[in-house]
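The following report describes one protein model, from a single helix to the chain as a whole.

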Amino acid sequence: MKDGVVKVRNLKVEFFPEDQHLIAVKGIDFQIPQGKTLGLVGESGSGKSVTALALMGLIAPPGKITSGEIYFQASPDASPIDLLNLSEAERRQYRGGKIAMIFQEPMSSLNPVYNIGFQITEAIRQHQTVSPSEARRQAIARLQEVKLLPSDERLREDCLLENHRLSEAEVNHQINEQKRAFLERYPHQLSGGQLQRVMIAIAIACNPVLLIADEPTTALDVTVQKTILDLLRELCAARGMSMLFITHDLGVVAETADQVAVMYQGEIVETGDIRSIVTTPQHPYTKGLLACRPRLDQTLTYLPTVSDFLTAEGQVKVNHPTPQSTDSVTKVEPEEDSSVASAPLLTVQNLQVGFPLRGIFGQAKRYFMAVNGVSFTVYRGETLGLVGESGCGKSTLARTILRLISPRQGQIFFNGENITHWQGKQLRRLRRQMQIVFQNPYNSLNPRLTIGKTILEPLTIHKRYKTTRQRKERVVYLLERVGLSAKDINRYPHEFSGGQRQRICIARALALNPQFILCDESVSALDVSVQAQVLNLLKELQKEFGLTYIFISHDLSVVKFISDRVMVMNQGKIEEIDSAESIYQTPKTAYTRQLIDAIPTIEKQFSLR
């Protein structure tokens, strides 16, 4: 283990649920050098997280490590220890101390009933014999290290800037009060990016030698993601810490890792330095992961997927797809086509949506304006991309257009009719024409209903088709059209993968033959390969059914691939709206340029074209 922190040999993890036998990790080998980052890349189900849990000693029944060795060297002068030969009590001394882990979903990883100060100090006192006051001091230092709290010098400057007449004692008191107030905040009072920083602070609290980051930025905006990635790199460099960075996105790995291991169906199929992996990939699976990413420097009509390179059994396909340029595709340009411009499907005029900020006695003293004076038009058959960070008002605007939220001011016209104040039967009629596909396919489906009943439900409510047989035929047709089978009609949501569930949500949205579908971050929670499949499907369905989309995302590369025009939103207002190509090539505002610069791309990292 020369200059190494972790060396894994022939690691095999198996699961034995109810007389079944599943091999999640199939005898893998890898090593993480001192002070370096290894990126472990693969789709959901490839075995990445199980590998991380094996390193942490967190494989729970019915899972079991059936063979292998995990050698860990806590310091250069220490002897390597096989973690698998330690007792559970001995293992706990390493877990959270010398080896720490950041999980994907911070809100699920933090206890909602305890404040963040308690949760950080608890981790410190678990592995160090220190007093409560010393643990609190270390907790504050870790929060300052992850840049959640300003440094003492900055806090002092801010206090004196507000009131330069304060005495030294008064300044110190205010600084301590700000620190105390932050430690007493609860997880629900912090944003996603702040929560992830808290998780990082807990992870580094006991000065670990190895940090395992399991998809730490998947659910975050690109700007917040960039901040977290920068922070992790800085911490590793400053502390000489090694890191195992797990993700499905090679673009993220390109900005983070020194070495890459590509994992597929429980095996590591390719390893190497990041440049060689992305410039000269050898395994078809690696080629598929690279090909299915939307690129800002290319305009394609079709995204290749992993299934274009490998069969479901893992067999290599000889003929790979050639990316198709949109140069030969005629796109709708409303400004030039007067026949289209004269008949918009959706028009929004000066829309304002506010939420009351209530006082002590419940009265609305003022309003927080989530959407503030927004106006735009969506033309028939086009896709308008709506991009911006969390909190900019995208989802509020979407729900207001669908009349799930009532606006304070402004008007919404659909098919030439003013729907701003529609109620009752009018709204029910509108529901047939406007549908939505939500972000999380796991929460969008009723777990108690089979997918057949889920898709049948809107047909029954709106009394479409005369007989039950005709409705069931419609359900079967929709399932087959989104790439599923009639045999799946009696299965439940938990029996499907995330990508399959999103296909079911799309089939449900299509059930009533709508004219307009709003996709609210509908691919954000998916692997890049599954994301490519869903994006291709949405394009095919648009062409077949003449659909009009508003596609909401924080990822401009995804929006650019699927959209004709792009609208950039910031703090409840429209920053700019233009063709997808123009937004990327010549952004007009600093905010749009910031969004583009924050996207982790292999092309930008290695100047690939």
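Which glycine takes a positive phi just after H19? Glycine 546 does, with a phi of about 65°. The model is predicted, so local features need pLDDT of at least 70 and side-chain atom pairs count only at pLDDT 80 or more, whereas totals for chains, interfaces and linings use all residues. Residues are numbered from 1 along each chain as its sequence is written, and side-chain values use heavy atoms, with hydrogens and water left out.

Helix H19 covers residues 528–545. Its 18 residues should span 26 Å at 1.5 Å a residue (1.5 Å times one less than the number of residues), and its end C-alpha atoms, 26 Å apart, agree with this. Of these 18 residues, 13 are buried (under 20% relative accessible area, 1.4 Å probe, protein chains only).

The count of disulfides (pairs of cysteine sulfur atoms within 2.5 Å) is 0. Two cysteines are set out below.

| Cysteine | Relative accessible area | Nearest cysteine sulfur |
|---|---|---|
| Cysteine 236 | 6%, buried | Cysteine 206, 16 Å |
| Cysteine 505 | 2%, buried | Cysteine 519, 11 Å |

For cysteine 505, the distance of 11 Å is too far for a bond.

The protein chain has 23 helices (H or I, at least four residues) and 20 strands (E, at least two), taken as DSSP runs numbered from the N terminus. Its radius of gyration, over C-alpha atoms, is 26 Å, close to the 25 Å of the globule rule (2.2 Å times the number of residues to the power 0.38) for 609 residues, so the chain is as compact as a globular protein of that length. Buried residues make up 50% of the 609.
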